[in-house]
Amino acid sequence: MRILLTLLVLAVVGVGGWQLLPSQDSGGETITVGTTDTITSLDPAGAYDAGSWALFSNVFQSLLTYEPGGVSPVPDAAKSCSFAAGSLLTYTCELRDDLTFAGGSQVTAEDVKYSFDRVKKINSDVGPASLFSTLKSVDAEGLKVTFHLSSPDATFPFKVATGAGSIVDRTRYPADGLRVGSSVDGTGPYRLTGYTKGKKVLLSPNSHYEGAVSTGAPVELRYYSDPEALEKAWKAKQIKAATRQLPPSVLAALDTSDPEQRVYEADGSETRNLYFDTRSGSPLHDSDVRKAMAWLIDREQLAASVYDGTVEPLYSLIPTGITGHTTSFFDNYPDRDAAKARKLLKSAGVSIPVKFTYGYGLGSGAAAAEAAEVKRQLEASGLFTVDVKGYEWTDFQKRWATGKLDAYAVGWVADYPDPDTFAGPLVGTDSTMNTGFSNKAVDKYVAGSRQFADRSRAAGDFRELQQVIAEEVPVVPLWQRKEYIVTSADIGGGQFLADGNGVFRLWKLDWI
């Protein structure tokens, strides 16, 4: 299947070809990488976030994966995968015969079936089960795995290639509950040899790995509580690479001519949206209230004052550079207009000012400053009173997953390079974001878009979907971010680390 997408093109700044050649002397030394991401769970059935999936990309294998810059998944744990001729309802993969788990047992098709089945059975509040909404059943025979879908879904291979498709040892992971502890049994290019929650992960090359990629140097992933702590570690030369996220002011001032560092900047598909609880009883239940908020949000001011121009204002659910992108929110709400917002609130018959809670994850980039700016913009109109609260990441996830927040800002990193990842998981019925929003037209466009193997033909469905979202406003898009990666001068491969397709390639980092 050839996927036709307008995708993200990597722009490497200040890097010569010589940097990509690894040194023969220091390849065995550990490379330290710093990030502000958080690991929700070491169990693939219990995590659906960028920090956890970044680790999963390295310690687990999926049947498929993505090559750097690739738009179509390629075999990894599988030798081959394909849809049945003339159908998007049956998808079959032939497993490699040389895969072994950390415990030494051979990987079989039963392990693959077990891995997918338990994700759906456990159905964790913060897990990826919603990604397999079209998966009806899985059959296993020898090394052959067959997926039966409830409706045509050309995007199913994309989902198989994500962290949700991580293959686990069926003898080590319970069928009806998440695995506890700090051990991982996968077949990825790395073995997890050490784990301190919230602090660090130690990864050693897996000498038994067989698949689409290669193993790399040992890596120590260090986790920092906020961008300022990451910046401090970088300046103190405690880490060799920093990503997701240094403070906006630091990113804006990065010097590409500095001989002591390498700066990689890529057009990114990470977006950030403000989601609303649309359920009955929520102060934001009425769509007119949400439309009023859409008339008051100033994205340009947010991008300039909070993010120092390191993000771009976003006016649609699907970001720039992805098939189907529109400017639906700009078309519907072209300027800030408090008078129109007030008229909508009066039409809704609500008390003014409207009071609601706004939650965000602590340590999530500039989330605190962002929340303060959004609060300022909304309250300046005299139409809203916003109670802003920050929560530890895991607590924050559980709060939005259980409908305990009126509004919440969340960043979204593409699971796979297709507009579908910005549609169903965000605004479809029973979506990952759990806003309570359900719209028959949106669900129709999501289902309709999945019937096209030629993904360019799905653009019309996505354009229509975004118009509905701009009219109903279960979410307000805020911004789209570029990908920034900084490494010391003696580290190569940083340009391959992340490129918007959901894979975090630590094995590409090496000493120069």
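Trainee: How do you know that strand S6 and strand S8 pair, and in which sense do they do so?

Mentor: In this predicted model, strand S6 (residues 90-95) and strand S8 (residues 144-149) are joined by 5 bridges in the antiparallel sense. Two strands count as paired when there are at least two bridges between them, so the 5 bridges qualify S6 and S8 as a pair. Within this pairing, Thr92 stands opposite Thr146 in S8.

Trainee: What makes S7 and S8 a pair, and what lies between them?

Mentor: S7 and S8 pair over 6 bridges, again in the antiparallel sense. With at least two bridges required, S7 and S8 therefore count as paired. One of the bridges joins Ala140 to Val145 in S8. The two strands form a hairpin with 2 residues between them, and Gly142 in the turn has a positive phi of about 65°.

Trainee: Why are strand S5 and strand S7 called edge strands?

Mentor: The sheet is open and has 4 strands in the order S5-S6-S8-S7, with antiparallel pairing. Strand S5 (78-83) and strand S7 (135-141) each pair on one side only, and they are the edge strands. From one strand to the next, the twist averages 15°.

Trainee: Which helix lies across S6, S7 and S8, and at what angle does it run to S7?

Mentor: That is helix H2 (residues 109-122), which runs at about 160° to S7. An angle over 145 degrees counts as roughly antiparallel, so H2 and S7 are roughly antiparallel.

Trainee: Which residues touch the most other members of the largest nonpolar core, and which element gives the most to it?

Mentor: The largest nonpolar core has 143 residues, of which Leu63, Phe147, Leu203, Phe384 and Leu506 touch the most other members. H2 gives the most to this core, with 6 residues. Apart from this core lies another, of 13 residues, among them Ala233, Trp234, Ala242 and Leu254.

Trainee: With which residues is Leu63 in contact, leaving aside its neighbours within four places in sequence?

Mentor: The contacts of Leu63 beyond those neighbours include Val74, Cys93, Leu95, Val112, Phe147 and Ile167.

Trainee: Why is Gly188 called buried?

Mentor: Its relative accessible area is 0%, and a residue under 20% counts as buried, so Gly188 is buried. Gly188 lies in the loop between helix H3 (156-160) and strand S9 (190-196). Leaving aside neighbours within four places in sequence, Gly188 is in contact with Asn58, Val59, Phe60, Gln61, Asn206 and Tyr209. The C-alpha atoms of Gly188 and Ala102 are separated by 9.6 Å, with the two residues 86 apart along the chain.

Trainee: Is Glu231 buried or exposed?

Mentor: Glu231 has a relative accessible area of 17%, which is under 20%, and is therefore buried. Glu231 lies in helix H4 (residues 227-235). Leaving aside neighbours within four places in sequence, Glu231 is in contact with Leu246, Pro247 and Val250.

Trainee: Why is Asn123 called partly exposed, and what is its phi?

Mentor: Partly exposed covers the range between under 20% and over 50%, so Asn123, with a relative accessible area of 48%, belongs in that class. Asn123 has a positive phi of about 50° although it is not a glycine. Asn123 lies in the loop between H2 and S7.

Trainee: How do you know that Asp308 is partly exposed?

Mentor: The relative accessible area of Asp308 is 39%, neither under 20% nor over 50%, so Asp308 is partly exposed. Phi of Asp308 is near 50°, a positive value in a residue other than glycine. Most residues other than glycine have a negative phi.

Trainee: Where are the cis peptide bonds that join Arg244 to Gln245 and Ile352 to Pro353?

Mentor: The cis bond joining Arg244 and Gln245 has omega of about -5°, and Gln245 is placed in the loop between strand S12 (241-243) and helix H5 (248-252). From Ile352 to Pro353 the bond is cis with omega near 5°, and Pro353 is placed in the loop between helix H9 (338-348) and strand S15 (354-361).

Trainee: Why are H13 and H14 called roughly antiparallel?

Mentor: The axes of helix H13 (residues 440-449) and helix H14 (residues 459-472) cross at roughly 160° and come within 9 Å. Since an angle over 145 degrees counts as roughly antiparallel, H13 and H14 are therefore described in that way. Their crossing is left-handed. Among the residues making the contact are Ala441 and Tyr445 of H13 and Phe462 and Leu465 of H14.

Note on methods:
Residues numbered from 1 in each chain as written. Predicted model: local features only at pLDDT ≥ 70, side-chain atom pairs only at ≥ 80, totals over all residues. Heavy atoms only, no water. Axes fitted to C-alpha atoms, helices over the stretch in contact; angles between N-to-C directions. Contact = heavy atoms within 4.5 Å. Buried < 20%, exposed > 50% of the residue type's maximum accessible area, 1.4 Å probe, protein only. Core = buried A, V, L, I, M, F, W, Y, C linked by side-chain atoms within 4.5 Å. Parallel < 35°, antiparallel > 145°, perpendicular 65-115°, else oblique. Left-handed = near helix turned anticlockwise from the far one by under 90°.
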